[in-house]
Amino acid sequence: MSLTTPPLSLYVHLPWCVRKCPYCDFNSHEGRGALPFDTYIDALLADLDYDLPLAWGRNVHSVFFGGGTPSLFPPEYIDRFLQQASSRLRFVPGCEITLETNPGTAEHGRFELYRQAGVNRLSFGIQSFDDGCLKRLGRIHDSGEAEAAVKLAQDAGFDNFNLDLMYALPQQTLAMAEHDLELAFALQPTHVSHYQLTLEPNTVFAARPPQGIPDDDASWDMQEHCQGLLAAAGYAQYEVSAYAQPGRQCLHNLNYWQYGDYLGIGAGAHGKLTLGAEQTVLRRWKTKHPTQYLVQAGHAGAIGGDDRVEPARRPFEYMLNALRLVEGFSLAAFEARTGLARSAIAAQLDAATAQGWLEVDGDRVRPTELGRRFTNDVVELFLVDDGSDDANVDPAGPNLAQRVMVDHAK
Ligand SMILES: C[S@@+](CC[C@H](N)C(=O)[O-])C[C@H]1O[C@@H](n2cnc3c(N)ncnc32)[C@H](O)[C@@H]1O
Ligand code: SF4
């Protein structure tokens, strides 16, 4: 079995926000004073040049500007980056180019320019349309501003956009969660990401949990009801937290979940590349802090770490991604993307099937509803102790469960 090169995406991390939200553990920093937009774009391009030998001659299928708050960057900087990047790597026709947008940063006239720069998809961090919830979440926008931002984007011709909503919020009832979805549907997004609020270590919320977070049963009820509402409104669930109209799945995130390749450019960004000649999978991540990144980008000092994914570890990594998908994966794709024969996972597949967690139908392996509820247990079946000494590895690198969540909330 040999590794086959999968589609390549480009992730670009823009690390600043107006204000740090108390629940957020992304690599995002409150921007004080004038932000160094110009030098950061220079740093991104130097970073891209440094990584280019890993991706010579390959086409880019999607680009994602994530953060942080990418919409803090005025359009001319996004334009400069895209022009320069597309002169180094070939973007396929129709390449999906997404920009994360905080409604509190929307300005009249900007969306047209993002579109002219090549951005063809937006992802709005709405979280809720309830002003009390937004306040408790420490958001910089209210519901009126959220609606106004989406309408500005629609007027500028964006017809493909995602709304990020969170549920199980402090003091949120089932009716409030449902109402958030109804208001979302009225804006006709093509995609909805529906995340359960989690208390992440090292956040303000973890240190001082807010009052009134719904318990597990109430959160589960919200998830089930909301899933039903989403389906009835034409948004089919295709991943744990992702729902889309037909043909409007996020291609960039799908590529992660299908164990595709991605270059990760920017402070703290993670990349994963299949190196055909060496028959290996390389993970590379960049130094996290923006100040250090600005100085080091383009040099070895900006590399937070490199990690070659040994064959024994690939089934676990593959499952961590693919089992998030409602449609699961094909055994042929598993073989092509891990370089391993399907027999390498036959025993684990049997065990998971016996537990009622997975269904195998010819070449296709799908998680059952039970399996989707217990993804961690299912994925753990594929974990082998490879004897690696975790103490010597950068925590941003091997903590895969965490990193996959981070990648995938993008
Ligand atoms: C990197 S943020 C980017 C969006 C943009 N910065 C904003 O917040 O407007 C991506 C999404 O992850 C989700 N998210 C962040 N922290 C979370 C948490 N602790 N629990 C659940 N979802 C979270 C939010 O819905 C957020 O919009
Ligand atoms: S949730 Fe979004 S806006 Fe808030 S700190 Fe995190 S990245 Fe920034």
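This is a short walk through a predicted model, from its domains down to single residues.

**Stop 1: the two domains.** Start by colouring residues 8–255 and 313–380 of the protein chain separately; the domain assignment calls them domain 1 and domain 2. Their centres, taken over C-alpha atoms, are 28 Å apart. Where they touch, domain 1 contributes four residues and domain 2 contributes five. On the domain 1 side of that contact you will find two nonpolar residues, one polar and one charged.

**Stop 2: helix α2.** Now select 75–88, which is α2. This helix has 14 residues and spans 20 Å from its first C-alpha to its last, close to the 20 Å expected at 1.5 Å a residue. Show the side chains of P75, I78, F81, L82 and A85, which are buried. They lie on the same side of α2 because they cover an arc of only 125° around the axis. The general rule behind such a pattern is that an α-helix has 3.6 residues a turn, so residues three or four places apart point the same way.

What do the buried residues of α2 pack against? Add β1 (8–14), α1 (37–51), β4, β5 (90–101) and α3 (110–117) to the view, and you have their partners. Then turn to the face of α2 directed away from the buried side: Q83, S87 and R88 are there, and they are exposed.

**Stop 3: the loop before α2.** Step back to the loop between β4 (59–67) and α2, where G68 sits. Look at the peptide bond between G67 and G68: this bond is cis, with omega about 15°. In general, most peptide bonds are trans.

**Stop 4: ligand 2.** Keep G67 and G68 selected, since both belong to the residues around ligand 2. Complete the shell with C17, K20, C21, C24, F26, S28, T69, N102 and G125. Coloured by class, this shell shows four nonpolar residues, six polar and one charged.

**Stop 5: two glutamines with positive phi.** Which loop holds Q188? Go to the one between α6 (174–186) and β8 (191–196). Q188 has a positive phi of about 55° although this residue is not a glycine. Q188 is partly exposed, because 14 other C-beta atoms lie within 10 Å.

Finish at Q279, in the loop between β12 (270–275) and β13 (280–286). Its phi is also positive, near 50°, again in a residue other than glycine. Is Q279 buried or exposed? Q279 counts as exposed, because it has 12 C-beta neighbours inside 10 Å.

Note on methods
Residues numbered from 1 in each chain as written. Chains lettered and ligands numbered in written order. Predicted model: local features only at pLDDT ≥ 70, side-chain atom pairs only at ≥ 80, totals over all residues. Helix = DSSP H or I, 4+ residues; strand = E, 2+ residues; numbered from the N terminus. Buried ≥ 20, exposed ≤ 12 C-beta atoms within 10 Å, placed from the backbone. Near = placed C-beta within 6 Å. Nonpolar A, V, L, I, M, F, W, Y, C, P; charged D, E, K, R; others polar. Expected span 1.5 Å × (residues − 1). Arc of directions from axis to C-beta. Contact = placed C-beta atoms within 7 Å. Domains from an automatic or database assignment.
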